[in-house]
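Let's walk through this model together, going from one helix contact to the next and stopping at a pocket on the way. Keep the 3D view open as you read.

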Amino acid sequence: MSFVTTLIEPQAPPPAPPKAFTAARFFGNAFLGVWLALAVGIFMMIVGGWDPEKFAKYGPNYLSGLGVTLLLVVCSVVLGGLISLPLAFARMSKNPVLSWIAYGYVYFFRGTPLLTQLFLIYYGLGSFSAELKAMGVWWFFRDAWNCALLAFTLNTAAYQAEILRGAIQSVPRGQHEGADALGLPKKVAFFKVILPQALIVALRPYGNEIILMIKGSAIVAIVTVLDLMGQTRLAFSRTFDYQAYLWAALMYLLMVELLRNVWAWLETRLTRHLKR
């Protein structure tokens, strides 16, 4: 007896059932339409109100302010990172005096607005100009740029210290035990085994902190630092054209978007050995 087997031809998958048009979908589409209309309207206003003379006159000032903003953010983040390492160690120290001093520092700078800290340094210390002159440091505090750099450095150091502390404490205890089993000195084990793993964990929070610093840097315009926002205020005071602030917003957005993409690439690059 012979059996004849006939294979069924491949069939297309059954069509997906239509999705019900719910109230949530309706309001979602309406909200998206409003945003699209708003974007088109802003674009048309930019095109219609474009003034080449203003752009040629104030464009270089915007670039100069952009350089000041980037310099302020880079310097404060680097200096804050240098301060954050011993500060994180002090937070994790078993010495109650060191731990409480570091806790008070972090609590103050994370719990108060950055603008308040800037005013305390720029205006508050300015009230003690005679004492500062006697100490020979008035040359530093009389410059608004130096005061802004100091305020931003102290502020980001507190945030970076907490980021680093949390990252170090997140490293599994087995890594410490493995380093001890190999007979590695504590210093070598920390810098060669623990810290590299902690920095990978802290990479994304560090990126968020830098983005917050870029956006927060706009407040230095209040204390006469001609950063990007300072140049924008100057251009607006002379032209009364709202596009002065619109272009500044686009430049801030461009900086944040570039940093976000660079940070995403860096994170993918450094964590490629963790992906399976």
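In this predicted model, the axes of α2 and α9 come within 12 Å and cross at roughly 135°. An angle over 145 degrees would count as roughly antiparallel, so at roughly 135° α2 is oblique to α9. The handedness of this crossing is right-handed. If you would like to pick out the residues involved, select V73, S76, V77 and F89 on α2, together with F190, I210, M213 and I214 on α9. Sorted by class, this contact of α2 with α9 has seven nonpolar residues and one polar residue, with no charged ones.

Keep F89 and F190 selected for a moment, since both also belong to the lining of the second largest pocket. That pocket has a volume of about 270 Å³. Which other residues line the second largest pocket? Besides F89 and F190, the lining takes in M92, I168, Q169, Q175, H176, A179, D180, K186, A189 and I194. The elements that each give two or more residues to this lining are α2 (52–92), α7 (144–170), α8 (173–181) and α9 (186–216). By class, the pocket lining has seven nonpolar, three polar and two charged residues.

Now turn to α11, which spans residues 243–270, and look at how α10 packs on it. Helix α10 covers residues 228–239, and its axis comes within 9 Å of that of α11, with a crossing angle of roughly 165°. Angles over 145 degrees count as roughly antiparallel, which means that α10 is roughly antiparallel to α11. This crossing, too, has a hand: α10 and α11 cross in a right-handed way. On the α10 side the contact involves L228, M229, T232, R233, A235 and F236, and these meet A244, Y245, A248, M251, Y252 and M255 in α11. The residues of this contact comprise 10 nonpolar, one polar and one charged.

Helix α11 has a further partner in α1, which runs over residues 23–48. How do the axes of α1 and α11 cross? They come within 12 Å, and the angle is roughly 120°, so α1 is oblique to α11. Here α1 passes α11 in a left-handed crossing. The residues that make the contact are I42, M45 and I46 from α1 and Q243, L246 and W247 from α11. Of these contact residues, five are nonpolar and one is polar, while none is charged.

To bring the helix pairs together: α2 is oblique to α9, α10 is roughly antiparallel to α11, and α1 is oblique to α11. As for handedness, the crossing of α2 and α9 is right-handed, that of α10 and α11 is right-handed, and α1 passes α11 in a left-handed crossing.

Technical notes
Residues numbered from 1 in each chain as written. Predicted model: local features only at pLDDT ≥ 70, side-chain atom pairs only at ≥ 80, totals over all residues. Heavy atoms only, no water. Axes fitted to C-alpha atoms, helices over the stretch in contact; angles between N-to-C directions. Helix = DSSP H or I, 4+ residues; strand = E, 2+ residues; numbered from the N terminus. Parallel < 35°, antiparallel > 145°, perpendicular 65-115°, else oblique. Left-handed = near helix turned anticlockwise from the far one by under 90°. Contact = heavy atoms within 4.5 Å. Nonpolar A, V, L, I, M, F, W, Y, C, P; charged D, E, K, R; others polar. 1 Å grid on protein atoms, 1.4 Å probe; cavity = no way out; pocket = protein on both sides within 12 Å on 5 of 7 lines; lining within 4 Å. Points joined across faces, edges and corners; volume = space filled by probe spheres on them.
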